[in-house]
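User: I'd like to go through some of the labels on this model and see what each one rests on. Can you take me through the reasoning?

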Amino acid sequence: MADYPVIYMDNNATTQVAPEVFEAMTPYLTELYGNPSSMHTFGGQVGEAVKKARQQVATLLGAYPDEIIFTSCGTESDSTAVLSALRSFPEKRHVITSQVEHPAILNLSESLEVMTGRRYRVTALKVDSTGMIDLKEYEDALSDDTAIVSMMWANNETGNIYPVKEMAQMAKERGILFHTDSVQAVGKVPINLAEVAVDFLSMSGHKLHAPKGTGILYVRRGTPYVPFLAGGHQEGGRRGGTENVASIVALGKACEMAGARMEEENTRVKALRDRLEAGLLQSVPQSILNGNRENRLPNTTNISFEMVEGEAILLHMNLYNICASSGSACTSGSLEPSHVLRAMGVPFTAAHGSVRFSLSAYNSEEEVDFVLGKMPGIIETLRAMSPFWKG
Amino acid sequence: MWEYTDKVQQHFLQPQNVGEIENPSGTGDVGSLSCGDALKLTLKIENDVITDAKFKTFGCASAIASSSILTEMVRGLRVDEAAKITNEDIAAALGGLPKEKMHCSVMGREALEAAIADYRGVPLPAAEGELICECFGVTDVEIKRAITESHLRSVEDITNFTKAGGGCGKCLGHLQEILNETLNEVSPIPVVPVVKKRMTTLQKIKKIEEILESEVRPGLKKDGGDIELVDVDGDTVIVSLSAASGRSGATIELVELKLRERVLNTLLVEEEEK
């Protein structure tokens, strides 16, 4: 394995920390170790750095700095938003989400009674074979009893982008709070919260070249809010706990870079993804694209190779140090393939053999061509072993 | 990422005896696409000795490795010797498998059993059992056998070894019953949740008044003090105290202890704000 350089195409799982981001954060792990809440100048300058980072995040999202709360991860942001809405409106007992959410929302929606002591009715919106939802079903589900809608902006497995703007508007007209898990969308597609009526938005730092262990919860001005972590006065009393300063500085820098790279993401990275996708679909027989071709993130492609199993594919790719993910049962540790592909009704012949490639600005055309050179052979080797392959 | 032994890696990356024997003496076809793994084992048997074995497998690394090593293990064995191979033997030959992957070794043993039954022209015992897990098509016969042979002690073990219960989860209760039955163990005594004592507000007020009158007030009056019930809001009891000695804090605690003991153990006593 050592013979091959790492080809990292698993950026929806996590990303490399950008060198510029690393450089920006290191002083706060060494000489600038003050507490941003301190009265002295030594700590105060650290407070200034946090303030700058907050502004950088706000700029990327089209938000006011005071609408940005730093958290520890996307999951914390998701839980905070949903539980805040339920605590703000304890008399409302209905929640709307979708069948293709990340476990951070999916498992939360199944644990609401444990978390709140109250019973909830949960509507999980269905998806069609391309993974898209039906706005009519959504409209019919909205009711006076609905406390919050939580709909992901983009799906981590297929890259599908959901009509969050329309959905948030529909909720707003009925006075219903709206949260969007935007962990995969931020930095990959432009987001302007001045024009999108969401009340809460969650994002995560490590998906856009900041380190793991940072997240953001956006809370719109005027939205009722109940903290998840009560404690000190940090984050305006909305999230107690001493700030993870170095990572916050890193996240700010990463957001600034993401804004500057947005065009590249949607042109060069998208072209690389398209090249990889078209090449695989063309060179490997019986390969199928999962997801909605028109409406998805520029960096993601999810392809099923029929009659072979995903873990076996990934381990063969691993021999060449090519990193990707699969929705197969065996890789998840459960016995069933990905809940997203099952919700889409992808047949078992294809679901077990799905591979997700997710690119970033750090990928090159040479890497794409190397992968294109190796994949057909890998699939062929495994198919030759498969009792179902009648090639 | 799974921790696979070198032996698993080796048999996954360089599988032995891949293919299908033409006109086999016996064929074992187990698993399915929906299950996520499947194995077709073909045997060539001459004078009751397995002279050749080939496999085709759809599945993960451990499924492919289990199939590959199985073909090596049975080659040259007499049929009755091969029939004694268990899934534990297959896993051991690979230097062990992660417990979540033990079902791969079970699939190997099932395919071998099916191929031998096919050779002998007898029906498979598993096929006669009652279907327990509909998602993965597992019968009670297979489950009981796995429990006994692999010394399984929990429903999670059963799922790891046979896949039963790994889908919709509808049969999990049934699996527990089979486990208890097979281990000849009595079901554990169910934990009876403590029923929370429920009282209406009116009942609470009456009972509190009664206890205050008979057990609290006399003592206070002796010291020249008194107590009045002001309100009951849920479990919060609000009283007004006129303590002679000014030790109202201690008195409140004692009243609370008394009321918790005599009325309801969730009561909180607070003094009325003056």
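User: Why is D66(A) called partly exposed?

Analyst: This is a predicted model, and in it D66(A) has a relative accessibility of 37%. Partly exposed covers the range between under 20% (buried) and over 50% (exposed), so 37% puts D66(A) in that middle class.

User: And what makes D66(A) and R221(A) a salt bridge?

Analyst: Their closest N and O atoms are 2.6 Å apart. The cut-off is 4 Å between a Lys or Arg side-chain nitrogen and an Asp or Glu carboxyl oxygen, so an Arg–Asp pair at 2.6 Å counts. R221(A), at 47% relative accessible area, is partly exposed too.

User: How do you know that this pair links distant parts of the chain?

Analyst: Look at where the two residues sit. D66(A) is in the loop between helix 2 and strand 2 of chain A, and R221(A) is in the loop between strand 8 and helix 8, 155 residues apart.

User: What makes R260(B) and E256(B) about one helical turn apart?

Analyst: Both are in helix 10 of chain B, and they are four residues apart, which means a separation of about one turn. Their salt bridge has an N to O distance of 3.6 Å, and that passes because the limit is 4 Å.

User: Is E256(B) buried or exposed, and why?

Analyst: Buried. Its relative accessibility is 19%, and buried means under 20%, so E256(B) falls in that class. Its partner R260(B) has 33% and counts as partly exposed.

User: Which residues do salt bridges with shared partners join into one network?

Analyst: In chain B, that network consists of R109(B), E113(B), R145(B) and E149(B).

User: Over to the interface. What makes E311(A) and K101(B) a salt bridge?

Analyst: Their closest N and O atoms are 2.7 Å apart. That is within 4 Å, and the pair is a Lys with a Glu, so the rule is met. One salt bridge is found across the interface of chain B and chain A, against 38 over all chains in the whole structure.

User: How many residue pairs are in polar contact there, and which element gives the largest share of chain B's side?

Analyst: Five pairs are in polar contact across the interface. Strand 3 of chain B supplies the largest share of the side touching chain A, with four residues. By class, that side has 17 nonpolar, 10 polar and four charged residues.

Methods:
Residues are numbered from 1 along each chain as its sequence is written. Chains are lettered from A and ligands numbered from 1 in the order in which they are written. This is a predicted model: local features need pLDDT of at least 70, side-chain atom pairs count only at pLDDT 80 or more; totals for chains, interfaces and linings use all residues. Side-chain values use heavy atoms; hydrogens and water are left out. Helices (H or I, at least four residues) and strands (E, at least two) are DSSP runs, numbered from the N terminus. Buried means under 20% relative accessible area, exposed over 50%, partly exposed in between (1.4 Å probe, protein chains only). A polar contact is a pair of N or O atoms within 3.5 Å; within protein, one must be able to donate a hydrogen and the other to accept it, and residues adjacent in sequence count only if both atoms are side-chain atoms. Ala, Val, Leu, Ile, Met, Phe, Trp, Tyr, Cys and Pro count as nonpolar, Asp, Glu, Lys and Arg as charged, and the others, Gly among them, as polar.
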